[in-house]
Amino acid sequence: MFVSVLLVLLCVLFIFLQLRSGRPKNFPPGPPILPVVGNLLELNLENPLKDFERLRTTYGDVYSLFIGRKAAVVINGLETVKEAIMTKAADFAGRPQDLLVNDVTQRKGVILADYGSSWREHRRFALMTLRNFGLGKKSMENRILDEIQYTIKTLEKSIGSTLCPRVMFHNAASNIICQVLFGARYEYDDQRIKVIVQCFTENAKIANGPWAMVYDSIPGVRHLPLPFGKAFENYKTCQDFAFRLVNEHKKTRVPNEPRDFLDCYLDELEKRGDDGSSFSEEQLTNYILDLHFAGTDTTSNTLLTAFLYLMNYPHVQGPPPQDNQRFMGHSHLYRVGPGRVRKPVFTTEKHECGPFIPLFLLFRLQGTMIIQNMASVLREEGQWKFPHEFNPENFLNEEGEFVKPEAFMPFSAGPRVCLGESLARMELFLILVTLLRKYKFIWPEDAGEPDYTPVYGVTLTPKAYRMKVQPRTSN
Ligand code: HEM
């Protein structure tokens, strides 16, 4: 009996040693690699950010992990991240092409496009078109301020009770980008856009969740009916919505008199004809979905995070109007000058929630996945006065003036820097300032202790919460 058990154990050990994949030579250090699963057991697949931080203390700013049999290098900290995405930008500007998200989006659009001509052409086109449609100009500011009126209407209805702000902020951000992309805004209870926003938010979670890891690391399971299938279904729903919009636009457009981004793209398609470029109707459908997603989930989750903290740090919401003459000075909605977003008179600028947007980004360097851990920069010891605190002092110098720390890079940097940064800054600034001038936001007495632990995904989302709204004038 003893001999048999020993033999079995020896066989297991032999197989283990055979299967064990070693780290390639000159590869960054990392934890021991197990057969098949690699280092998956080192990671909490629901949210690996804490594990990335833990491994950093053992292996340093650059270490390697095996996600199944796939090699990945994790880069941490401002200096390393800067060196990669700025100094060696061209090497680090690619995107992996063999993940669940690539299959779901059929390798179209810009967010996941690899570093190459299609990405370059589409990025350039979007930047130019967004600029022509008023980014940094008054028209965009007005669109945002108009949308805020709907947010205010929703908030007004909740006075005297409490409100879950998730749908409201998602719809506000969605409407702002929808107007730019296809000239439409939707009521907050419109079923069509509700479904689209729901599909996107769900996909943002699936894309960075455990089932995506299974899909990415075990190709054999990709055709099985497993939970990642929902991501394909959701995307198909969004694609049908986008197809309909493209078709409607094709029927109603006047060539060379574009009403929105979609018309501009159709003009561009006509202009290019059959020039062999990467522009196509199929690209267009996925491109508007990309931009809609990129412009909605990020902005609304930043707002949700901001209000979660502001309610629990009420002093940061600013003094009541009567205590601050400058604050009182504006009797109408707060407006910004063309091209430049001004700093609000009290310190609730969007920047305060910067350290709480810890996405990690994936790049590909000669076949190796690079995990650029932005959370490690946005909370890095030595870069912030209070790296782990929600504290406006992080952005103020000794004189109480605003300074932007170098490590504040929630939009990343280098060639893949967020394409909608100016729009996002303007939205966050106008929404926060307008709402905070008008209302006090209060954590409901019966809500218990706030839970700041975010739900992990492509973006980090605060857990659902309720807010109480009190008009400032009733103080
Ligand atoms: C608070 C709001 C936002 C945050 C924190 C944010 C953050 C980011 C980050 C970190 C990236 C990745 C950069 C990289 O790969 O290094 C990114 C990419 C991108 N963002 Fe944003 N973003 C926001 C809002 C927006 C908006 C409003 C738009 C709408 C146009 C947008 C469009 C994009 C696009 C298209 C990309 C892909 C760019 C490329 O790969 O070339 N984002 N964003």
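Student: Which residues around the ligand are the closest?
Tutor: This is a predicted model, in which local features need pLDDT (the predictor's confidence in each residue, from 0 to 100) of at least 70, side-chain atom pairs count only at pLDDT 80 or more, and totals for chains, interfaces and linings use all residues. Residues are numbered from 1 along each chain as its sequence is written. The ligand is surrounded by 24 residues, each with its C-beta atom, placed from the backbone, within 6 Å of the ligand. The closest are Ala294, Gly295, Ser412, Cys418 and Gly420.

Student: Which helix gives the largest share of this shell?
Tutor: Helices are DSSP runs (H or I, at least four residues), numbered from the N terminus. H13 (281-312) and H16 (421-438) each supply at least two shell residues. The largest share, 7 residues, comes from H13.

Student: At what angle do the axes of H8 and H13 cross?
Tutor: Axes are lines fitted to C-alpha atoms over the stretch in contact, with angles from 0 to 180 degrees between N-to-C directions. The axes of H8 (residues 166-182) and H13 come within 8 Å. They cross at roughly 145°.

Student: Which residue of H13 in the contact with H8 is also among the closest to the ligand?
Tutor: In this contact (C-beta atoms, placed from the backbone, within 7 Å), H8 contributes residues including Phe169, Ala173 and Ile177. From H13, the residues include Ile288, Leu291 and Gly295. Among the closest to the ligand is also Gly295.

Technical notes: Contact = placed C-beta atoms within 7 Å.
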